[in-house]
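Colleague: Could you take a close look at one part of this model for me, the parallel sheet and what sits around it? Start with the cysteine there, and then branch out as you see fit.

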Amino acid sequence: MTAYLGYRCHRCGREFPPADVFYTCPDDGANLDVVLDIDQIRATSSPEAIAASGEPSIWRYLPLLPVLKPGHQGTPLWAVGWTPLFTPARLAAKLGLRQLWIKDDGRNPTASFKDRASAVVVARAQEIGAGTVVTASTGNAGAALAGMAAAAAQPAVILAPRRAPPAKVAQLLVFGAQVFLVDGTYDQAFDLAVEAAGALGWYCRNTGYNPFTAEGKKTAAFEICEQLGLAVGAKDRDDLSSGRGTGSGPSPVRWIAPDAVFVSVGDGNIISGLHKGFRDLLDLGWITRLPRLIGIQAEGSAAVYQAFVAGASEIQPVHAETVADSISVDLPRDGLRALRAVRETGGTLLTVGDGAILQAIRELGVVEGIFAEPAAATAYAGLVEAVRRGMVDPGERLVVLLTGSGLKDVRAAMQAAGEAPVIEPTLNALKSSLGRG
Ligand SMILES: *Cc1c(COP(=O)(O)O)cnc(C)c1O
Ligand SMILES: [Zn+2]
């Protein structure tokens with residue numbers, strides 16, 4: 001029994017029962033939001049019950065997801081999510097901020113945020129008895145689908161652009177997917193995956209096409225609120241025990257929404273998934289307001305940003321070119337819902353240049369020991385830009401979502417970090433080179 005009722009088209013508002021559609025609105029091709037029975041969830045689950053489950057993965061939120069409990073416990077399929085929420089004190093001090101958190105989703109089984117979506121899609125594929133699953137991907141979504149599919153013994157086909165970073169292609173191959181490098185752009189691979197799924201009867205995971213990806217991605221919003229509740233609650237208890245209060249006994253489980261969340265935007269499916277997650281929690285009454293969602297695009301791949309500043313209701317494609325390959329997208333496939341996420345939460349969109357992205361990789365690494373791929377560091381570069389422009393208050397609760405590990409793109413990491421000097425194996429050579437490395 002799940003709370004899953006069906007779908008609602010974000011454009012025309014038409015609703016569909018689960019069995020009627022698989023992907024987008026049959027009337028206008030727009031993306032579908034999954035509709036859940038919020039009353040049922042409220043009656044059968046609670047923050048206390050979720051905390052009591054102790055499940056250290058996205059599956060702790062099963063009552064809020066449109067899928068049944070997947071099999072394959074004890075595999076990486078059950079190690080997705082519940083990633084750390086760091087308190088980066090030195091970066092916060094540098095930026096003059098008092099309440100900053102960094103959620104490191106590079107610490108997922110295949111080292112990116114995409115595992116959240118792929119795990120839920122694989123659970124769905126099993127429920128509907130799908131044979132082969134397929135996706136187009138700039139790399140991470142494919143690696144995540146290949147990894148989750150391998151964990152669940154599900155055949156997978158991945159279409160990636162020929163220029164995808166080698167580490168991501170290696171992951172695809174190691175996970176045993178059938179991999180095809182498309183001699184073209186991600187956008188061309190996307191269309192091919194849709195066509196192949198239709199012609200060959202595969203289940204298509206494409207981002208901004210399959211409604212279940214956003215349902216997986218929304219789990220990050222749940223974790224942010226639950227973990228922030230724990231962090232702030234612990235601080236309150238410290239204050240109490242240091243004599244500033246008189247409370248005693250266990251404190252109630254409290255979920256807390258931050259004031260703003262910074263996240264990078266390519267297709268726009270992560271930000272719209274986060275929006276869905278925060279809205280679910282608001283509907284349930286588990287949080288009291290939505291955080292501002294701040295989407296960051298690379299200057300060279302800024303189709304959603306351009307539509308936002310133009311006040312447009314359609315997205316014009318660009319010719320994308322950026323070091324942040326995971327957000328290099330000509331035509332964002334979930335761009336309209338990304339715009340909705342930003343507009344409905346009082347958030348905004350910003351762009352940052354490749355230089356700022358590489359600088360952000362360095363700062364995260366040097367100052368906090370966090371290794372981010374370019375598209376992940378983009379979110380932090382966006383925070384730096386927002387602080388520079390005075391768009392955040394120093395005392396606000398801010399969360400930066402890092403979406404992928406630096407190991408995903410070693411070439412870009414070396415671009416950010418530079419080269420190490422080569423020396424003779426002697427103490428003298430070491431001494432005379434010290435401070436120059
Ligand atoms: C996919 C991805 C993004 C962007 O997500 P969209 O849904 O395309 O906006 C950001 N960072 C990383 C590391 C990704 O893999
Ligand atoms: Zn529609």
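Modeller: Cys204 is buried, because its relative accessibility is 0% and the cut-off for buried is under 20%. Keep in mind that this is a predicted model. Cys204 takes part in no disulfide, and the nearest cysteine sulfur, which belongs to Cys25, is 17 Å away. A disulfide is a covalent bond between the sulfur atoms of two cysteines. For this pair, 17 Å has to be set against a cut-off of within 2.5 Å. Cys25 is buried as well, at 3% relative accessibility. Searching the whole structure turns up zero disulfides.

Now the sheet itself. Strand E9 covers residues 203-204, and it belongs to an open sheet of four strands, ordered E8-E7-E6-E9, with parallel pairing. Strands E8 (178-182) and E9 stand at the edges with a single partner strand each, so each has one side without a neighbour in the sheet.

Further in, strand E7 (residues 156-161) is joined to E8 by five bridges, and the two run parallel. Towards E6, E7 pairs over four bridges, again in the parallel sense. Ile158 is a handy residue to click on: its bridge partner in E8 is Val179, while Thr135 stands opposite Ile158 on another strand.

How many of the residues of E7 are buried? Six of its six are, so you can call the strand mostly covered, with buried meaning under 20% relative accessible area. In a regular strand the side chains alternate between the two faces of the sheet. In E7, Ala156, Ile158 and Ala160 point one way and Val157, Leu159 and Pro161 the other way, and all of them are buried. One element lying across this sheet is helix H7 (residues 186-200), which spans E6 (133-136), E7, E8 and E9 and runs at about 160° to E6.

Moving away from the sheet, have a look at strand E1 (residues 4-9), where Gly6 is found. Gly6 is buried, at 2% relative accessibility. Leaving aside neighbours within four places in sequence, Gly6 is in contact with Phe16, Pro17, Pro18, Asp33, Val34 and Val35. Asp33 also turns up among the contacts of Arg340, which touches His10, Asp33, His275 and Arg279 once residues up to four places away in sequence are not counted. Arg340 lies in helix H12 (residues 335-344). Is Arg340 buried or exposed? It's buried, because its relative accessible area is 16% and the cut-off is under 20%.

From Gly6 you can also jump to Arg362: they are 356 residues apart along the chain, and their C-alpha atoms are separated by 44 Å. Arg362 is part of a helix pair. Two packed helices are described by the angle between their axes and the distance between the axes. For helix H13 (residues 354-368) and helix H15 (residues 410-417), the axes come within 9 Å and cross at roughly 85°. That makes H13 roughly perpendicular to H15, because angles of 65 to 115 degrees count as such. On the H13 side, the contact is made by Leu358, Ile361 and Arg362, which meet Ala412, Gln415 and Ala416 in H15. By type, the contact residues divide into four nonpolar, one polar and one charged.

Conventions:
Residues numbered from 1 in each chain as written. Chains lettered and ligands numbered in written order. Predicted model: local features only at pLDDT ≥ 70, side-chain atom pairs only at ≥ 80, totals over all residues. Heavy atoms only, no water. Axes fitted to C-alpha atoms, helices over the stretch in contact; angles between N-to-C directions. Parallel < 35°, antiparallel > 145°, perpendicular 65-115°, else oblique. Contact = heavy atoms within 4.5 Å. Nonpolar A, V, L, I, M, F, W, Y, C, P; charged D, E, K, R; others polar. Buried < 20%, exposed > 50% of the residue type's maximum accessible area, 1.4 Å probe, protein only. Pairing = 2+ DSSP bridges.
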